[in-house]
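Visitor: I'd like a close look at one part of this structure, please. Pick a single residue, tell me where it sits and what surrounds it, and then follow the trail to whatever lies beyond.

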Amino acid sequence: MAETVHPAEIADRVYASFRESLPGSDPTLCFAPGRINLLGAHLDYNGGVVLPVTVHLGVYVAAQLRRDGRITARSLNHETVIDIDIAEIDSRPASSFGWGAYPIGVWSYFAAATGCDDGIDLVFGGDLPMAAGLSSSAAIELATACALDELHRSNLPPAELADIAHQAETGFVGLSCGIMDQYASALGREGQALLLNCQDASTEYVPIDSAKVEFLVMDSRKRRSLGETCFNQRVEECRRALEILSRAYGHRPALADYTLDEVKAASEALGEISTKRARHVVTEMARVITGVACLRRDDLQGFGDAVSASHRSTAIDYEVSCAELDELVASANARDEVFGARLTGAGFGGCAIALVAAGHTETVISSVEKSYRQRFGSSPNFHVLKAGKGLRCLRSAQR
Ligand code: GLA
C-alpha cells in the first residue's frame, strides 16, 4: 500500500511552507480532489454521459494576492519554481511554464471572466499521484480557481470555476479534453458518484454504498503526460467519425448521439479506425445507462460487469490501454471478491480501479501484487479510496 499521510497534516505543511517563505503572511487555503471515473471512458468530449467519483486525495494550495503584477507558484512535490511577470504570459508558449501552465492558465481565464487581475503567490502540495489518471491537473486547476475566487470574493458557482479550469486546459495548456475532470473536482460529493451529461452539463448524484464496495486504485506507476500521448489524436478520430455519420444520417450534436446500428451500417464509409472509435463511444453510452440502473437497484455485480466491459472496449476499440493496465485489470477480475475492474482516466498508463467487496481489499492487493511482480518485476502502488467531498476553501485569510 502507498504510504498515507493524514490530509490535515498535508494541509498544515502547505500552509506552513507558505508562511515560512513569506513571514507574517496570512494565506487562504483551498483543496480540490482528484477523481476516478467508474464509467463513461472518453465520452465527455463526445457529448456523452460519464460517472466519476471524487476521491479523498487531492491538491492543496495556499495563496495570497500580490500587487506587483507577478505570479509565483511552487509545489512541495516539484522542484520547478514559477516566477513570472503577468505581462509575459501571452508572449510565451504554455509549454515553457511546465506544470505552472495549469495555475497560470486558470489565472488568465479567471482574470478574463472577472476582471480581477492582481498577481498571486501560490504554494501547492497534495497526496494525489501525479500524471496517473486520477486527474491531478484538474485538481491543480480547481484549487487555483477556488483560491482566486475566495481571495477576490467573487462567489462564482463551482460549475463556473469548473468552466474556467476547463478553458485553461483546452485554451491554454492545449489538451482537447472534455469537461469531466474539472466538473468532478468541483461538484463531487461524499459517498456519491456524479452522473454528468457532458452536452448540457446537467448533473445527478448516484449513491455508492461504502459498506458494500470499496474502490481499489492500482497504480501501474507507468507515468504519462497526456500532451505526449495520442489523446488529441483520439479526439480528432472521433471528430472525423462524427462528420461521416452526420453526412450519412443527418447532423446531431455529438458522436454519442448515434446508435450502434448506424455505426455498423456506415462502417465502410467510416473505415476501420473510425468504426472502432465510434463503436466504443456508442456502446460505452449504453454501458453507463445499464451501469447506473444496476447501481440504483443495488446490483453491484451487474454494475461491475459493465465496468469490466468498459475496459475491454477501451482496450480493443479505443486502443488506450497498455500491457500493465490489462494485467492489473485481469488479475483483479480473477478474484471472486472483485465486482469489476477497468483503467481509469485517459489510459496509456497510470491507474486501473477495481470494485472490491468491502473488507476484502487486502486479499485482492496481495494477489494482484504477486502476478504483476511476476510479469513486470516491479510492484504497483495501491490506494483504497473513498468517495470524498468536492472542492472547498479550508481557511480564509482574515478580512
Ligand atoms: C482525461 C481527460 C478527460 C476524459 C478522460 C477520458 O482524463 O482529461 O476529459 O476525456 O481522459 O475519459
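Guide: Let's go with R234, which is part of helix α6, the run covering residues 231–249. Bear in mind that this is a predicted model. R234 has a relative accessibility of 5%, so it counts as buried, the cut-off for that being under 20%. What does R234 touch, once residues up to four places away in sequence are set aside? The list is Y45, R277, Y318, E319 and V320.

Now for the trail. In sequence, R234 and H42 are 192 residues apart, yet their C-alpha atoms are 8.9 Å apart in space. H42 takes us to the ligand: a polar backbone atom of H42 is 2.8 Å from one of the ligand's oxygen atoms. The backbone of G178 also comes in here, with an N or O atom 3.2 Å from a ligand oxygen. A346 joins them, a polar backbone atom of this residue being 3.5 Å from an oxygen atom of the ligand. As for how covered the ligand is, it would expose 300 Å² taken alone, and the protein buries 97% of that.

Stepping back to the whole shell, 13 residues surround the ligand, and the ones that come nearest are R35, H42, D44, G178 and D181. So H42 and G178, with those backbone contacts, are both on the nearest list. By type, the shell splits into 7 nonpolar residues, 3 polar ones and 3 charged ones.

Note on methods
Residues numbered from 1 in each chain as written. Predicted model: local features only at pLDDT ≥ 70, side-chain atom pairs only at ≥ 80, totals over all residues. Heavy atoms only, no water. Near = heavy atom within 4 Å. Polar contact = N/O pair within 3.5 Å; in protein donor to acceptor, adjacent residues only side chain to side chain. Areas by Shrake-Rupley, 256 points an atom, 1.4 Å probe, with all protein chains shown as cover. Nonpolar A, V, L, I, M, F, W, Y, C, P; charged D, E, K, R; others polar. Helix = DSSP H or I, 4+ residues; strand = E, 2+ residues; numbered from the N terminus. Buried < 20%, exposed > 50% of the residue type's maximum accessible area, 1.4 Å probe, protein only. Contact = heavy atoms within 4.5 Å.
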